[in-house]
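Here's a quick tour of a protein model, with a few spots worth pulling up in your viewer. Have the coordinates open as you read.

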Protein chains: 2
Amino acid sequence: MSSLYVPPPKCLEKRFVAPQRHMFGPGPSNVPPRILAAGAEPVIGHMHPEMFEIMSDIRSGIQYAFQTRNKVTLAVSGTGHAAMECAIFNAVEPGEDVLMAVNGIWGERAAEIAERIGARVNTIRTPAGSCFTNEDINQALARHKPCVVLFTHGESSTGVLHPLDGIGDICHRHNCLFVVDCVASMGGAPLYMDTQGIDILYTGSQKVLNAPPGTAPISFSERAWQKVFNRKTKPVSFFLDMSWLANYWGCDDSWVIGLSDWSDLLLGRYHHTGPVTNFYSLRESLAVLAEQGLENSWCRHQEVAEYFHEGLENMGLRLFVKDKNVRLPTVTTIVAPPGYDWKEITSYIMKNHKLEISGGLGPSVGQVLRVGLMGCNSSKASVDMVLEALKDALKHCHKSRV
Amino acid sequence: MSSLYVPPPKCLEKRFVAPQRHMFGPGPSNVPPRILAAGAEPVIGHMHPEMFEIMSDIRSGIQYAFQTRNKVTLAVSGTGHAAMECAIFNAVEPGEDVLMAVNGIWGERAAEIAERIGARVNTIRTPAGSCFTNEDINQALARHKPCVVLFTHGESSTGVLHPLDGIGDICHRHNCLFVVDCVASMGGAPLYMDTQGIDILYTGSQKVLNAPPGTAPISFSERAWQKVFNRKTKPVSFFLDMSWLANYWGCDDSWVIGLSDWSDLLLGRYHHTGPVTNFYSLRESLAVLAEQGLENSWCRHQEVAEYFHEGLENMGLRLFVKDKNVRLPTVTTIVAPPGYDWKEITSYIMKNHKLEISGGLGPSVGQVLRVGLMGCNSSKASVDMVLEALKDALKHCHKSRV
């Protein structure tokens, strides 16, 4: 007689098979077979010598993708949100002033995260779809005197690519760290961490990199690392404590010697069990980027975006971001077609074209449709598919709400 | 002419192929092809209707594995450490008293996590390899009056399976939540969350479940949920905030209606991008457990462990945990063979038998060898392999340190 009270669930008897779908929303994007296959390699230990080599390769790949020589460069075991928390948890201490640049949902999230750990949160705000000028930024820094300021390079909720040139210098003149969220832009638009004076930069695996969600590249400049090193309090999270993570990832180069004596490594380095197979696929996605060339990837995303935007305007649709120069090439925001229910459009396209596009998020809810063409999805063929699907939807969905 | 300063790294030109290895350390364990294949299914959106079905299946699977009917049951997007933080971050507010039962490394980690968020941390301690009596616990609760107490069911650093019967009642008499870490024991030893009065229970995907590391099942009792619900402060982590996570995972059953109107769901539920492919493999691993039967799995782990322990004693090796009744069936701690360098043994076995066993961790460093036989690795054939490897190592490694 069984002593179990909760029986095995029937729902698990059915085998799950994922549908093939064009992932043209703001992420995750499609994962090419090559990267999926890498993630299905046999699991080895999170501290086996081969794993440390993979992690070392990943660090090199991130340094390339970020254009940085920072030693403290690694992948957080979590998605972009975990990286955002990692950046803020480590760079900020309770009671310190921070400045969050809010021009979409990500600045709001960053503000919420900083508030939770007891920072004094200041914000500057600009309407969804627009940017800050360097003069705005200079004034805000003079007024609030924050020790950390955070900008979102690719604002996927509004479709804005925020210019970064010059902000690093302004921040450093005000003795402030320059933190940048490039989750939606990295690999799809020019970004030079070192040259642009970015102190903390992070992204996610599931956008231009086309890896499954679950890892988040991050890098700390020497200036940022000094602030972390001189903290008076421990970061609230052990899991995201960069001192531990930097040690686990061998950012002090101690591995070079250590690899020959595997057992010794295990004693000092154990922090948490890294997501082994996600590291496999992240490494492969960085290899793809290196193979294609970063600048080629930037150019392709820009060309494809322009081709897409032209096609949309030819259909009579309007782009949410008016200034051509600050349109995010990876995620396009289209003004929700007047008279239509945007939800009917996205549902129609999902059902009839097996294609994901999405509605707005945060400040853009109800106002826009969002289309992400990232990494392997950034091609004219994808654009043609989306335009076709949109035309079809506008023909068949109800137009009744004018 | 290129404007890139950091060139593409050469190391990424080489394709990575993972070695086949017997993963008989304390985790991660081997992942069977069926579960690896599930994780290589095409990526769909983290908020597509099929994804919500998978997450619903995962919740049912965890309820079965934990033997609970708790609504607030889900998988954290991280490894066991993230789940430990999730439990403590949500259950504890700054300034509150907690009691950590330390009989190995996990209690220490829990204490460190609670300290970081400003809890008043009390500990009870017992030597590595031993347990607390219910009388010890009762006295400690009376003395410290904590609102949360944490025990480790499977202490993988020492090889102890801590008895749980009766502790729930003691905790509740003292108006205290009973939190249990079952990362190393779940599926390998009897565990009844509801009957044993456990208020928060969490595990990892990479042990008995044989899924890749990266997700961590967790469940909150109604009593625990009430405490979370009535918090005066927000948890320090947005990423691990259970109110958001419970909403994302549909723990309030709102999905049942929602699945037919997909777009509506997206508005309210977006929290973070879940690790889609890790959820695929977690679901599959729970399906395997349901198929085999939880009690069969418990029995097999116990039988295999006893067969292993007998084999070790027949070789003249000694078990670190003296009391047979509290030996963890999933991870065995062997007293490091006198006169040998334990590191030479583990390295020899890794090199010559492609087999991972590990040394100690935390309080057991230098004192033990640890062998994990979990999930698909829990078989007499695996035991024979380990015994063979150990015999070979003891023959060929240096015996010089007596």
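## A buried glycine

A residue counts as buried when its relative accessible area is under 20%. This is a predicted model, and in it Gly372(A) comes out at 1% relative accessibility, so it goes down as buried. You'll find Gly372(A) in strand β14 of chain A, which covers residues 368-372.

What is Gly372(A) in contact with, leaving aside its neighbours within four places in sequence? The list runs to Met23(A), Phe24(A), Gly25(A) and Pro26(A), plus Thr330(A) and Val331(A). Glu85(A) is another story: Gly372(A) and Glu85(A) sit 24 Å apart in space, C-alpha to C-alpha, with their positions 287 residues apart in sequence.

## Rings across the chains

Over all chains, the structure holds 20 aromatic pairs. Take Tyr192(A) and Tyr5(B): their ring centres are 6.2 Å apart and their planes make 70 degrees, so this one is edge-to-face. The pair crosses between chains, with Tyr192(A) in the loop between β8 (177-181) and β9 (200-202) of chain A, and Tyr5(B) in the segment before β1 (22-23) of chain B. Are the two partners buried or exposed? Tyr192(A) has 16% relative accessibility and counts as buried, whereas Tyr5(B), at 52%, counts as exposed.

Next up, Tyr270(A) and Trp106(B) have ring centres 6.3 Å apart and planes at 85 degrees, so that pair is edge-to-face too. Tyr270(A) belongs to the loop between α10 (262-269) and α11 (276-292) of chain A, and Trp106(B) to helix α4 (residues 105-116) of chain B, so two chains are joined here. Both Tyr270(A) and Trp106(B) are buried. There's also an aromatic cluster made up of Tyr5(A), Tyr192(B) and Trp298(B).

## Charges over rings

Now for a couple of arginines. The charged end of Arg109(A) sits over the ring of Trp244(B), 5.2 Å from the ring centre. Swap the chain letters and you get Arg109(B), with its charged end over the ring of Trp244(A), 5.2 Å from that centre.

## How the copies relate

What turn lays chain B on chain A? A turn of 180 degrees does it, with a shift of 0.0 Å along the axis and an RMSD of 0.0 Å. That's the relation of a two-fold axis.

The interface fits in with this picture. Of the interface residues of chain B, 100% are also interface residues in chain A, so the copies meet through the same surface.

Technical notes. Residues numbered from 1 in each chain as written. Chains lettered and ligands numbered in written order. Predicted model: local features only at pLDDT ≥ 70, side-chain atom pairs only at ≥ 80, totals over all residues. Heavy atoms only, no water. Helix = DSSP H or I, 4+ residues; strand = E, 2+ residues; numbered from the N terminus. Buried < 20%, exposed > 50% of the residue type's maximum accessible area, 1.4 Å probe, protein only. Contact = heavy atoms within 4.5 Å. Phe/Tyr/Trp six-rings, centres within 6.5 Å; stacked < 30°, edge-to-face > 60°. Lys NZ or Arg CZ within 6 Å of the ring centre and 35° of its normal. Least-squares fit on C-alpha atoms with pLDDT ≥ 70 in both.
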